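Reader: I've got the model open and I'd like to know what stands behind the labels people put on it. Can we go through a few of them?

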Amino acid sequence: MKILCLNCAKFEEIFSVRSIINMGITKCPRCGSSLLALVNANDDVGNIVRKAKRRRRLRKHELEKLQECFMSSELLREYGEKAVLALATRGVGPKTASSILKLKTLTKREFLERLMEAEKTYIRTRPFWGD
């Protein structure tokens, strides 16, 4: 997983899920902002954030990625470790993670089962998506 500061866009580091949870990063070490997004390590959203900060016009797909980053940041601030686990699950983006995390009455086992079901759904339906 990659942690990216949406405020300064200068902090962009790749960490394992375990180290993100153990470190408990809640603020950017460069600017002190709590606008940290968790994104896929392969996503190059840092350039999109920097482009937006320079007030450049964003394409539709760039704007969607930026909105996903802000959703991810909100989830991380509100749910902490659970958000890290949800966003690290293959095929689970901020929208799906949000719907699972909103069910606050879930036990840890039920929460993990929901994540596994979401991953199974992704694996089952991915071949039919029209990219």
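Reader: Is Lys108 buried, exposed or partly exposed, and what makes it so?

Author: Keep in mind that this is a predicted model. Lys108 has a relative accessible area of 49%. Exposed needs over 50% and buried needs under 20%, so Lys108 is partly exposed.

Reader: What makes the contact of Lys108 with Glu81 a salt bridge?

Author: The N to O distance for their side chains is 3.7 Å, and the rule asks for a Lys or Arg nitrogen within 4 Å of an Asp or Glu carboxyl oxygen. So the pair of Lys108 and Glu81 counts as a salt bridge. The two come from distant parts of the chain: Lys108 belongs to helix H6, Glu81 to helix H4, and 27 residues separate them. Glu81 is partly exposed, because its relative accessible area of 42% falls between 20% and 50%.

Reader: How many salt bridges does that rule give?

Author: The count is seven. One of them joins Glu12 and Lys2, with the closest N and O atoms 3.2 Å apart. This one also links distant parts of the chain, ten residues apart, with Glu12 in strand E2 and Lys2 in strand E1.

Reader: Why is Lys2 called buried, and what is Glu12 called?

Author: Lys2 has 8% relative accessibility, and under 20% means buried. Glu12 is at 25%, which is not under 20% and not over 50%, so the label is partly exposed.

Reader: What about Glu62 and Lys51, and how do you know that they form a salt bridge?

Author: Their side chains meet at 3.0 Å, N to O, and the cut-off is 4 Å, so the pair qualifies. Glu62 sits in helix H3 and Lys51 in helix H2, eleven residues apart. For Glu62 the relative accessible area is 10%, and for Lys51 the relative accessibility is 19%. Buried means under 20%, so Glu62 is buried and so is Lys51.

Reader: Which residues are joined into one network by salt bridges that share partners?

Author: Lys2, Glu12 and Arg50.

Reader: Let's turn to the backbone. What makes Ala9 stand out in phi?

Author: Ala9 has a positive phi, about 60°, and is not a glycine. You'll find Ala9 in the loop between E1 and strand E2. Its relative accessibility is 3%, so by the under 20% cut-off Ala9 is buried.

Reader: And Arg55: what is its phi, and is the residue buried or exposed?

Author: Arg55 has a positive phi too, near 60°, and is not a glycine either. Its place is the loop between helix H2 and H3. With a relative accessible area of 76% against a cut-off of over 50%, Arg55 is exposed.

Reader: Now the inside. Which residues touch the most other members of the largest nonpolar core?

Author: Ile3, Leu36, Leu38 and Leu101 do, in a core of 26 residues. Among the elements giving two or more residues to this core are strand E1, strand E3 and helix H5. H4 gives the most, four residues.

Reader: What is Leu101 in contact with, beyond its neighbours within four places in sequence?

Author: Leu75, Tyr79, Lys82, Ala83, Ala86 and Phe111. Another core, of ten residues, lies apart from the largest one and includes Leu4, Ala37, Val39 and Cys69.

Technical notes:
Residues numbered from 1 in each chain as written. Predicted model: local features only at pLDDT ≥ 70, side-chain atom pairs only at ≥ 80, totals over all residues. Heavy atoms only, no water. Core = buried A, V, L, I, M, F, W, Y, C linked by side-chain atoms within 4.5 Å. Buried < 20%, exposed > 50% of the residue type's maximum accessible area, 1.4 Å probe, protein only. Contact = heavy atoms within 4.5 Å.
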